[in-house]
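Visitor: I'd like a close look at the charged pairs here, please, and then whatever you can tell me about their surroundings. Take your time and keep it connected.

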Amino acid sequence: MIKEIVLLILLFNGEVILPSFSFEGTVYDCLAYGDELRVLLSEHSWSDPRGQAWYLKDGTGTFQGFICN
């Protein structure tokens, strides 16, 4: 049983932040929820001059992934 999801965010100033949220469910549920959060919080770009990545919609950095604990 998964109890927490942790987002991996890399800010443009080089700082890594790891916001966590309570979560109850299976590993599959957590993976699906992590994908939902990625799409909700960021947009993928192929053509950004900084490179291909999932850029946060607020412009502060990139979405690197998530961990299900």
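Guide: Let's start with Asp 48, which counts as buried because its relative accessible area is 19%, and the cut-off for buried is under 20%. Keep in mind that this is a predicted model. The partner of Asp 48 is Arg 50, and the two form a salt bridge with their closest N and O atoms 2.8 Å apart. Arg 50 has 53% relative accessibility, so it is classed as exposed, the line for that being over 50%. In this pair, then, a buried Asp 48 meets an exposed Arg 50.

The structure has 2 salt bridges by this rule, and the other pairing to look at joins the side chains of Arg 38 and Asp 35, at 3.3 Å from N to O. You'll find these two residues in helix H1, which covers residues 27–41. They sit 3 residues apart there, or about one turn of the helix. Here it's the arginine that is buried: Arg 38 gets that label because its relative accessible area is 19%, while Asp 35, at 37%, is partly exposed.

Arg 38 also leads us on to a tryptophan. It is one of the residues touched by Trp 54, along with Ser 42, Glu 43, His 44, Gly 61, Thr 62 and Phe 63, once you skip anything up to four places away in sequence. Trp 54 itself belongs to strand E5, residues 53–56. With a relative accessible area of 28%, Trp 54 falls in the partly exposed class. For a sense of distance, take Ser 22: it is 32 residues from Trp 54 along the chain, and their C-alpha atoms are 23 Å apart.

Now follow Phe 63 from that contact list inward. Phe 63 is part of the largest nonpolar core, a set of 10 residues that also includes Ile 2, Ile 9, Phe 23 and Leu 56. Strand E1 (2–11) and helix H1 are the elements that supply two or more residues to this core, and E1 gives the most, with 5. Leu 37 is another core member, and it touches Ile 5, Leu 7 and Phe 63, again leaving out residues up to four places away in sequence.

Cys 30 is in that core too, and it brings us to the cross-link. There is 1 disulfide in the structure, made by Cys 30 and Cys 68 with their sulfur atoms 2.0 Å apart. It ties together distant parts of the chain, since Cys 30 is in H1 and Cys 68 is in strand E6 (residues 61–68), 38 residues apart. The link is left-handed, with -95 degrees about the S-S bond. As for cover, Cys 30 is buried because its relative accessibility is 0%, whereas Cys 68 is partly exposed at 23%.

Last stop, the surface. Leu 10, Val 16 and Leu 18 make a nonpolar patch there, with about 260 Å² of accessible area together. Val 16 lies in strand E2, residues 16–17, and it counts as exposed because it reaches 52% relative accessibility.

Methods. Residues numbered from 1 in each chain as written. Predicted model: local features only at pLDDT ≥ 70, side-chain atom pairs only at ≥ 80, totals over all residues. Heavy atoms only, no water. Helix = DSSP H or I, 4+ residues; strand = E, 2+ residues; numbered from the N terminus. Buried < 20%, exposed > 50% of the residue type's maximum accessible area, 1.4 Å probe, protein only. Contact = heavy atoms within 4.5 Å. Salt bridge = Lys/Arg side-chain N within 4 Å of Asp/Glu carboxyl O. Patch = residues over 30% accessible without salt bridge, like charges linked within 9 Å, V, L, I, M, F, W, Y side chains within 5 Å. Areas by Shrake-Rupley, 256 points an atom, 1.4 Å probe, with all protein chains shown as cover. Disulfide = S-S within 2.5 Å. Core = buried A, V, L, I, M, F, W, Y, C linked by side-chain atoms within 4.5 Å.
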